[in-house]
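Notebook open, structure on screen. I'm going through a handful of spots one by one and jotting down what turns up.

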Amino acid sequence: RRPARPHRDLVYPSGTEPSRHKHNPSIRVMQWNILAQALGEGKDGFIRCPLDALNWHERKYLILEEILTYRPDIVCLQEVDHYYDTFLPIMTSLGYHGSFLAKPWSPCLDVEQNNGPDGCALFYHRSRFSLQDTVHLRLSAMMLPTNQVAIVQTLNCQVTGRWLCVAVTHLKARSGWERLRSAQGADLLQSLRSITSRGSGQSEAASGAVPLVVCGDFNAEPSEDVYRRFSSSPLGLSSAYKLLSSDGQTEPAYTTWKIRPSGESCSTLDYIWYTQEALSVESLLDIPTEEQIGPDRLPSYHYPSDHLSLICDVSFREEPHRLI
Ligand code: NDP
Ligand code: CA
């Protein structure tokens, strides 16, 4: 009954060769707003999505199938409202370590028969990384606490011995909140700066800050101030998915596409940022075409969220020469 998921190719941005080095295998990172179950059924108003496509007992397998198809080393999720009963036990059995941080006032709690608050979740595969440190952040804006959160983990790569700092966040949604998003981004950048410069290993501290990957639903188009903040911060971050474009400078046309009573909304809101100096992007999972997404857009029987998953493979660049 259920049609097949759209096939998505792994694309190698021009000029990069897939690394087949045994001593420096790439790290696969997934960014995905999976659509909170309570919001999808209760608040979002996806009028072109059949209700039974939103049934949790079917939809959860599509979400897990998407994760299992690509088997990322790092999985960053937003709108997780089935962490303790679904993702933590299943991902643990698949070899992942998980961390979850709920939004302080999750809108899921307003939905009848909700399954608890939604929040961000960060998983890493235990065969690839060991955990040095976890920081749970409630994002501030102009010194005031907001309803948005981030998880930041400092990991040690078991293969290369290198350090990697990974962050997941979900910024405030909706138009009219651009300044709040920008302030939340500034707060997150400041925390990231202090976490990565604090370092984790003596060796990395000697050669500079810990390389960083920041995954998020920023709820902001590339034209927004928060995007500009991230691309021009002293952390030297670049957005991985720009590399899918022919000029290497343009974000995809959309990472979410849905139809609500208010109309159709097709926009680029999700990003994977990485430290350009320390990491290189080897491949990216292609964005499905309009035809693959279909006339009713997302979510659908084919695809369980209104946001597309983003996946990229990154690898550590050669360490710069260090003073002894
Ligand atoms: P956001 O505005 O950030 O959005 C919350 C969710 O709504 C997001 O997951 C977002 O999805 C989704 N969303 C975005 N646009 C729409 C839309 N047009 N229609 C339906 N859903 C949409 O929420 P906040 O974190 O600021 O929380 C707001 C809610 O939280 C309030 O409505 C209230 O219910 C509750 N709250 C309660 C408080 C209390 O004191 N009890 C205090 C503060 C908040 P996406 O990111 O995919 O766009
Ligand atoms: Ca949403």
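**Entry 1: helix H2.** I started with Glu66, which has its place in helix H2, residues 56-70. A reminder to myself before going on: this is a predicted model. Is Glu66 buried or exposed? I looked up its relative accessibility and got 2%, so Glu66 counts as buried, the cut-off for that being under 20%. Next I checked what its side chain touches, and found a polar contact of 2.3 Å to the side chain of Arg5.

Leu68 is found in helix H2 as well. This one comes out partly exposed, because its relative accessible area is 33% and that class runs between 20% and 50%. I also took a distance from here: Leu68 and Met91 are 23 residues apart in sequence, and their C-alpha atoms are 9.8 Å apart in space.

**Entry 2: Glu79 and the calcium ion.** Next I went to strand S3, residues 74-80, where Glu79 lies. What coordinates the calcium ion, ligand 2? I find Glu79 listed twice, each time through an OE atom, with distances of 2.2 to 3.1 Å. The backbone here caught my eye too: phi of Glu79 is positive, about 60 degrees, and the residue is not a glycine. I noted that because most residues other than glycine have a negative phi. As for accessibility, Glu79 is at 11%, so I put it down as buried.

**Entry 3: ligand 1.** Where does ligand 1 sit? I find it in the largest pocket. There are 19 residues around ligand 1, and the ones that come nearest are Glu79, Asp110, Asn147, His170 and Lys172. So Glu79 turns up again in my notes, this time beside ligand 1.

Then I went through distances to oxygen atoms of ligand 1. His170 has a polar side-chain atom 2.6 Å from one such oxygen. For His307, I get 2.8 Å between a polar side-chain atom and an oxygen of ligand 1. Arg174 has a side-chain N or O atom 3.0 Å from an oxygen atom of ligand 1. How much of ligand 1 does the protein cover? On its own, ligand 1 has 930 Å² of accessible area, and the protein covers 71% of that.

**Entry 4: strand S7.** I picked Gln153, placed in strand S7, residues 144-157. Its relative accessibility is 0%, so Gln153 counts as buried. I then looked for a side-chain partner and found Thr134: the two side chains are joined by a polar contact of 3.0 Å.

**Entry 5: the loop between S9 and H6.** Here I was after backbone angles again. Asn219 is placed between strand S9 (212-217) and helix H6 (225-231), in the loop. Its phi is positive, about 50 degrees, though Asn219 is not a glycine. With a relative accessible area of 12%, Asn219 goes down as buried.

**Entry 6: the loop between S10 and S11.** Ser245 lies in the loop that runs between strand S10 (237-239) and strand S11 (256-260). Which backbone atoms does its side chain approach? I found the backbone oxygen of Lys242 at 2.6 Å from a polar atom of the Ser245 side chain. The backbone nitrogen of Thr250 is at 3.2 Å from a polar atom of that side chain. I also took a span from Ser245 to Leu62: the two are 183 residues apart along the chain, with 28 Å between their C-alpha atoms.

**Entry 7: the loop between H7 and S15.** Last stop. I looked up the peptide bond between Leu298 and Pro299 and found it cis, with omega about -10 degrees. It's worth a note because most peptide bonds are trans. Pro299 has its place in the loop between H7 and S15.

Tyr301 is found in that loop too, between helix H7 (290-293) and strand S15 (310-316). I get 27% relative accessibility, so Tyr301 counts as partly exposed. Which side chain does Tyr301 contact? I find Asp52, with a polar contact of 2.5 Å between the two side chains. One more distance before closing: Tyr301 and Asp247 are 54 residues apart in sequence, and 34 Å separates their C-alpha atoms.

Terms used: Residues numbered from 1 in each chain as written. Chains lettered and ligands numbered in written order. Predicted model: local features only at pLDDT ≥ 70, side-chain atom pairs only at ≥ 80, totals over all residues. Heavy atoms only, no water. Donors = N, O, S within 2.8 Å, 3.2 Å for Na, K, Ca; no water. Helix = DSSP H or I, 4+ residues; strand = E, 2+ residues; numbered from the N terminus. Buried < 20%, exposed > 50% of the residue type's maximum accessible area, 1.4 Å probe, protein only. Polar contact = N/O pair within 3.5 Å; in protein donor to acceptor, adjacent residues only side chain to side chain. Near = heavy atom within 4 Å. Areas by Shrake-Rupley, 256 points an atom, 1.4 Å probe, with all protein chains shown as cover. 1 Å grid on protein atoms, 1.4 Å probe; cavity = no way out; pocket = protein on both sides within 12 Å on 5 of 7 lines; lining within 4 Å. Sits in = over half its atoms within 2 Å of the grid points.
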